Amino acid sequence: MSSIVIQFLNGLAGASALFLVAAGLSLIFGVTRIVNFAHGSLYMLGIYIAYSAIGWASGSDGPGPMGFWGGVLVSAIAVGATGALTEMLLLRRIYGAPELFQLLATFGVVLVLKDFALWVWGPEDLLGPRAPGLQGSVAILGQAFPTYDLVLIAIGASVLCALWLLLRRTRWGMLVRAATQDREMVGALGVNQKWLFTAVFALGSALAGLGGALQIPREPAQLLLDLSVIADAFVVVVVGGMGSVPGAALAALIIAEIKSFCVGIGQLDVLGFTVSLPKLTLVVEFIVMAIVLVARPWGLLGRAPGPQRVFAGGHEQPLQPAVRSALLAILALLAAVPFIANGYTVVLLIDILVFALFAASLHFLMGPAGMASFGHAAYFGLGAYGAALLVKAAGFPMETALLSAPFVAAAGAALFGWFCVRLSGVYLAMLTLAFAQIAWSVVFQWDTFTGGSNGIVGVWPSPWLASGSAYYYVALTLCGCGIWLLRRIVLSPYGFALRAGRDSPLRCDAIGIDLVRMQWVAFIVAGTCAGLAGAIYAFSKGSISPETLSIPLSVDGLVMVLLGGVQTASGPVVGAALFTWLQDTVARNTDYWRALLGGIIIALVLLFPQGIVGFIRQRFGRSGSL
Amino acid sequence: MKTLGSILFSVGLVWLQVHAAPAVAQGTIKIGELNSYKVFAAFLQPYKKGWELALEEVNAEGGVLGRKLAIVSRDDNGNPGDAVRAAEELLSRENVSFLVGTFASHVGLAVADFAKQKKVLFIAAEPLTDKITWQNGNRYTFRLRASTYMQTAMLIPDAAKLNKKRWAIVYPNYEYGQSASAAFKALLKKNQPGVEFVTEQATPLGKIDAGAVTQALAEARPDAIFSSLFGADLARFVREGNTRGLFKGRAVFNLLGGEPEYLDPLKDETPKGWYVTGYPWYAIDTPEHNRFLNAYQKRYGDYPRLGSVVGYATVMSAVAAMKRAGSLDSEKLVAAMEGLQVDTPFGKITYRAQDHQSTMGAYVGRTASRNGRGVMDQFHYADGAKFMPSDAEVRSMRPRD
């Protein structure tokens, strides 16, 4: 009995910590619809600043209560100011850009802040002091429970109440709620959106900073916090329902309690099988998210978002003769590369081709089909693992494996897509993320079959393809065909139907198009192409690991598509080439390459708010659209 | 029109790749080094200082084979795919003679397999996975650090001596933690029949739910705990465990817990009397270590971490191999590496011919707190050569070349 109570309290403390991060994100997300990747970085900044502020205020025997809580407050304010500045200097300039484009800017901010923290605070973990007066534990039912955790629970509850009052009882809160439901209407009614957005950003960021600072007595400040927090925070926001603060609280509570009891129960014997529940904590929040979204498409306490009035999509046109010949010239040039360039160019071009196909397949979903995917790496990884396992476990010849592997990805896409296409917008995107993480965790855990965290090595091409240039031609042919096929499909009647569904689901329905089935097929097509990219990748590297299905690769895909321009078919190809090449070049030439890469991305975002190809098209007219 | 941009871009790309190839300084020997500098900065910044120091010393003495030595270093982003690309670049564009480095096990394994495919020497510096020299061992790959199995085995004598009956296990949920726990259980059972493992907690790497884990361990009422946590997970676990009294009256063993990288952040929180493997740089008194310590502190004004020793010893191994081979030919280098003896700050080590594992050991001792700092006390050097499986076992694990 006592253990259940204690684990419940552990869960409450965890929920409180989770809620503090997620509440700010939920506000920002609800009002501005920005997928703010930098929220985790702000949290990390919060814990670092608090560490320094408390250290600065400390005497020889540690911080006094004023020093400790003052430091926490300073940190929250400083992070809030950072968030407000980011909004004013960066995001405000790109609200007019296509949906999700702001994600790219915040990705740049993540890279910059990470290197900033490394530069200021150094690489070592920094364990801060305990809270003065709350160092010890209290006995609850005969078990020791940290006093600070009780305080943390109380703080979480107070912040929830304060936010609820702010949103329900003040004019500002009313505006925030109105903007969450329908921000264009709020704008039409004469509310100054700029300041509303800035204020929401400042408050949301301050909450992230507060959430980070309050963790000082519980965990060290370290450089990996940003990414480990951001996914969890998004899960909480989406499970709760975007923009719903009570929803975020409820979701944080459910997820933290489930985690806590998974750990508490330990091994479980079910029907003769031993299930290790603690291992489940790797992925449990994503399982919860998948279940909640399948059952409630707008989260636990969320509502269907207001109608979107901005016409988002562009359309593709058949190639003009001039463009067609230019394309052929590029192809000829690419085919000649092994004869004119050194060996490494070929290696780098294989990577670029693979990611171009990967980005093109993601673009197929995001552009013509109007479905953003945050978990596209799943299909890339399934293709890669499919290829490796067909060779290693099933004993297929390499050539057969390479060509069969995409069907593994297609099967995965068919399964996941069937659920995803029933949702829309960010909820759909988050469900793809949930499935991707579940697939990742299976691959990561299944040592005997997938090689677990080490992955599979020794996946090399057949001897006749072993030379770099031979394999390059294989990659060029397959990726070229894949990209060409995607484009053919966009221009086919099926592609028009997809676009119709994206631009006007109601009319589409009225004509009698089965939109859900169309979108499902789009998922399978995109998954197959991503799987092909993954299979080519596996054989070009000779090994694969769970990274090929992980969130960072999904994010890279998004970055490539957005960098090139989501409204153009050649955008993802250009974006993939640029991003891969930049990463390769920048990483080689500077120590703080992440900050430099982030800075370049931010600059590109400000210069080309439509993406690079989008910019070129806008600038030079629409002729010869590719 | 917008394809114009694409064309220009592609042309520019090819042009840059063709012309950006740096000029090779004549006569310099180049070694390719790759590591996850940004992902594991706490370990790898000192590591980099370590190899830079070694490089300077080697060149001050006139280099190797009458030529200057240069190290071309790349960041592998903690990702096997990027690592293989970086390795390709080092070989084909920088024309390095062979490869050294890597931190994470999966990256190390990927680069090892790449080295086998390209028939080029690879000295894995840090990855701990047993597989790199055993199950997935290959002709071209050698490993410096004591593996997970070896370091676990170093703790077994103390663990068996205590004769505790009920053990709880906590580990980060990936290959390193899994192998450490499996090796610990197997070896302890062999040394102490009748030992019982009452609970196991596998925690997500970097995201331990420390409160819940501590509570779950306490409830299993173990006499002793074996942990392979490190980094932020270890700090969280130690703090929760201290607050909740988990460690009171219990013996605790923590693999890697004495490495400055993971011990230093604990400061006054450092638990007393834990059995750990690590690197007590402040108390090792051997001529070879004193020389290294002085040189390092003089050069950087900072004390060395374990990473510094690994970086330093990696370069020293590479240099010794080149000297012995008298050549940069891969096959000759591999032959020279087998049975190669190298002087390191930990004393003389040997790269075993049978499995390409070095005998570099680790220091085993008890944690203590001194002036608000965590230190290792009552320690001794455990020579890696004494904590290997038998040759027959190695032969059955390791594939034939």
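Strand E9 (residues 251-258) of chain B runs parallel to strand E10 of the same chain, and 3 bridges link the two. Helices (H or I, at least four residues) and strands (E, at least two) are DSSP runs numbered from the N terminus, and two strands count as paired if DSSP finds at least two bridges between them. The model is a predicted one, in which local features need pLDDT of at least 70 and side-chain atom pairs count only at pLDDT 80 or more, while totals for chains, interfaces and linings use all residues. Residues are numbered from 1 along each chain as its sequence is written, with chains lettered from A and ligands numbered from 1 in the order in which they are written.

On the E9(B) side of this arrangement, Gly278(B) of E10(B) has Gly258(B) opposite it. E10(B) is also joined to strand E13 (residues 362-370) of chain B, this time in the antiparallel sense and by 4 bridges. Here Tyr275(B) has Arg366(B) of E13(B) as its opposite number. Within E10(B) (residues 275-278), Tyr275(B) and Thr277(B) point one way, Val276(B) and Gly278(B) point the other way, and all are buried. A residue is called buried if 20 or more other C-beta atoms, placed from the backbone, lie within 10 Å of its own, exposed if 12 or fewer do, and partly exposed in between.

Chain B also holds an open sheet of 5 strands, with parallel pairing and the order E2-E1-E3-E4-E5. E2(B) and strand E5 (141-143) of chain B stand at the edges with a single partner strand each, so one side of each has no neighbour in the sheet. On average, neighbouring strands of this sheet are turned by 25° against each other, direction ignored. Inside the sheet, strand E3 (residues 99-101) and strand E4 (residues 122-124) of chain B run parallel and are joined by 3 bridges. One of the bridge pairs is formed by Val100(B) and Ile123(B), the latter in E4(B). Helix H3 of chain B lies across E1, E2 and E3 of chain B and runs at about 170° to E1(B); axes are lines fitted to C-alpha atoms, for helices over the stretch in contact, and angles run from 0 to 180 degrees between N-to-C directions.

The domain assignment, which is automatic or taken from a database, divides chain B into domain 1 (23-147 + 286-360) and domain 2 (149-280 + 362-387). The C-alpha centres of these two domains of chain B are 29 Å apart. Between them, 16 residues of domain 1 of chain B are in contact with 15 residues of domain 2 of chain B, where contact means that the C-beta atoms of two residues, placed from the backbone, lie within 7 Å. On the domain 1 side, H2 and helix H11 (306-325) of chain B each supply at least two residues, and H11(B) gives the most, with 3 residues. This side divides into 8 nonpolar, 6 polar and 2 charged residues; Ala, Val, Leu, Ile, Met, Phe, Trp, Tyr, Cys and Pro count as nonpolar, Asp, Glu, Lys and Arg as charged, and the others, Gly among them, as polar.

For chain A, the domain assignment gives domain 1 (2-131 + 138-295) and domain 2 (321-550). Their centres, taken over C-alpha atoms, are separated by 33 Å, and 14 residues of domain 1 of chain A are in contact with 13 residues of domain 2 of chain A. H9 and helix H12 (284-295) of chain A each supply at least two residues of the domain 1 side, with H12(A) giving the most, 6 residues. By class, this side of domain 1 of chain A has 13 nonpolar, no polar and 1 charged residues.

H9(A) (residues 225-240) is mostly covered, with 13 of its 16 residues buried. Gly241(A), just after H9(A), takes a positive phi of about 110°. Further along chain A, Gly571(A) lies in helix H24 (residues 571-589). Gly571(A) is buried because 31 other C-beta atoms lie within 10 Å. Beyond its neighbours within four places in sequence, the contacts of Gly571(A) include His363(A), Val561(A) and Gly611(A).

Finally, the two chains meet where 69 residues of chain B are in contact with 78 residues of chain A. H1(B) gives the most to the chain B side, with 11 residues. By class, that side has 24 nonpolar, 25 polar and 20 charged residues.
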